[in-house]
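Hi,

Here is the structure I promised to pass on. Have a look at it first, and then read on for what turned up.

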Amino acid sequence: MSLRDKFQLPLEVIYSEKPFPKPVFHSHPEYEIYYFHEGACSYLIGDRIYTLEPGDLILMHGMTLHSPKVDCRKPYCRSIIHFDPSFAHELLRPPFALNVLSPFQNIHNIRLRLSGQRKQEVEQQLVTLHRLYAEDSLLAYNRFLIRFLELLHFVYDCCEAGGLDSTGSTTRTGGPKEQHVQRIMDYLEAHYTEDIHLEVLERELHLNRYYMTKIFKELTGFTIFSYLYQRRINQAKILFLLEPERPVTETGYDTGFKHPSHFTRAFKRITGMTPESYRRGLT
């Protein structure tokens, strides 16, 4: 029995080497700390694509859509920590005086590229956290929480020291394909509530539609319109979380759907439930 099971801990630690069979978009209300140990992976977070290297540490506000695209011919080794932000807030009450959750709150999604001593330090912390997490004693529980707080302070210190790459950055990396796909994603992020067709993208971005669809799927694992609908539905989920009484029809219009029936079908296809059912589950 793990600490999560025995103590109903709103915090989980995962280490895995199993690759995902295919890219899957997901979001969740928990904050996430993701560390990349080994493999070949590009990570799609919101409207940014990151080509990962061993030592990359990602901090995520979980409600941002994210999905790894993995080369399944190689190991995909990563450590993941999900935690309830309200639980972390309780742990950080006075006499703690520093808000070490600010990177998640203010920048939302960050990629830290660690090397040398910092890389060794975070890997040692993750090994210890994973070991304690698998135990079920009160002593292990207390030591686990202490180590978790140490990790939050370590992450905060890394952010303060610089070397971060946030999703708000305007830096463009990679070759022409990567830059073109980033331009497509930038446009979709700015206009996802509007009526978008390939003809619109072709005209606005000055790229051939067939080339666009090919490189977008190649680099992200998704079609352009699969990504667009995921973005719209995720925004609808956020709006329902913020306003549980929000009218379903209004939410559909506000996230780019012209017809309520289209919104309902898309929402159910992506989440497995209707917008009404999802909203009721929040109250």
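The lining of the second largest pocket is a mix: 8 of its residues are polar, 5 are nonpolar and 4 are charged. That makes 17 lining residues in all, and the ones nearest the centre are G46, T64, N109, E189 and R231. The space in there comes to about 330 Å³. Which helix gives the largest share of this lining? That would be α9, residues 224-242, with 4 residues. Before you go further, please keep in mind that this is a predicted model.

Two of those central names come back when you look at the helices. E189 in α6 and R231 in α9 are both on the list of residues through which these two helices meet. The others on the α6 side are I184, M185 and L188, and on the α9 side you will find I224, Y227 and L228. Sorted by class, that contact has 6 nonpolar residues, 2 charged ones and no polar ones. A quick reminder on how such pairs get described: for two packed helices, one gives the angle between the axes and the distance between the axes. For α6 and α9 the angle is about 35 degrees and the axes are 11 Å apart. The crossing is right-handed.

Helix α6 (residues 176-191) has another packing partner in α7 (residues 198-205), this time at an angle of about 115 degrees, with the axes 11 Å apart. Here too α6 makes a right-handed crossing. The residues to click on are R183, I184, Y187 and L188 in α6, which meet V200, L201, E204 and L205 in α7. By class, this contact of α6 with α7 holds 6 nonpolar and 2 charged residues, and no polar ones. I184 and L188 are worth colouring, as they appear in the contact with α7 and also in the contact with α9.

Now for the sheet. There is an open one made of 3 strands, ordered β4-β3-β6, with antiparallel pairing. Its edges are β4 (48-51) and β6 (66-70), each of which pairs on one side only. From one strand to the next, the twist averages 20 degrees. Helix α8 (residues 209-220) packs on this sheet and touches β3, β4 and β6, and its direction makes about 90 degrees with that of β6. If you want to trace the pairing by eye, start with β3 (residues 41-45) and β4, which are joined by 4 bridges. S42, for example, has T51 in β4 as its bridge partner.

S42 also turns up around an enclosed space. How many cavities of 30 Å³ or more does a search of the whole structure find? Just 1, and the space in this largest cavity is about 40 Å³. Its lining consists of S42, Y43, L44, I49, S67, P68, K69, L219 and T220. β3, β6 and α8 are the elements that give two or more residues to it. In terms of class, the lining has 5 nonpolar residues, 3 polar and 1 charged.

Finally, two spots in the backbone. As a rule, most peptide bonds are trans, and most residues other than glycine have a negative phi. Where does the model hold a cis peptide bond, with omega near 20 degrees? Look at the step from P94 to P95. P95 lies in the loop between α2 (85-91) and α3 (102-107). The other spot is Q8, which is not a glycine but has a positive phi, near 50 degrees. You will find Q8 in the loop between α1 (3-7) and β1 (11-16).

Have fun with it!

Terms used
Residues are numbered from 1 along each chain as its sequence is written. This is a predicted model: local features need pLDDT of at least 70, side-chain atom pairs count only at pLDDT 80 or more; totals for chains, interfaces and linings use all residues. Side-chain values use heavy atoms; hydrogens and water are left out. On a 1 Å grid over the protein atoms alone, a cavity is a set of points where a 1.4 Å probe fits but cannot get out, and a pocket is an open set with protein on both sides within 12 Å along at least five of seven lines; lining residues have an atom within 4 Å of a point. Grid points are joined across faces, edges and corners, and a volume is the space filled by probe spheres set on the points. Ala, Val, Leu, Ile, Met, Phe, Trp, Tyr, Cys and Pro count as nonpolar, Asp, Glu, Lys and Arg as charged, and the others, Gly among them, as polar. Axes are lines fitted to C-alpha atoms, for helices over the stretch in contact, and angles run from 0 to 180 degrees between N-to-C directions. A crossing is left-handed if the near helix is turned anticlockwise from the far one by less than a right angle, and right-handed if clockwise. Contact means heavy atoms within 4.5 Å. Two strands pair if DSSP finds at least two bridges between them.
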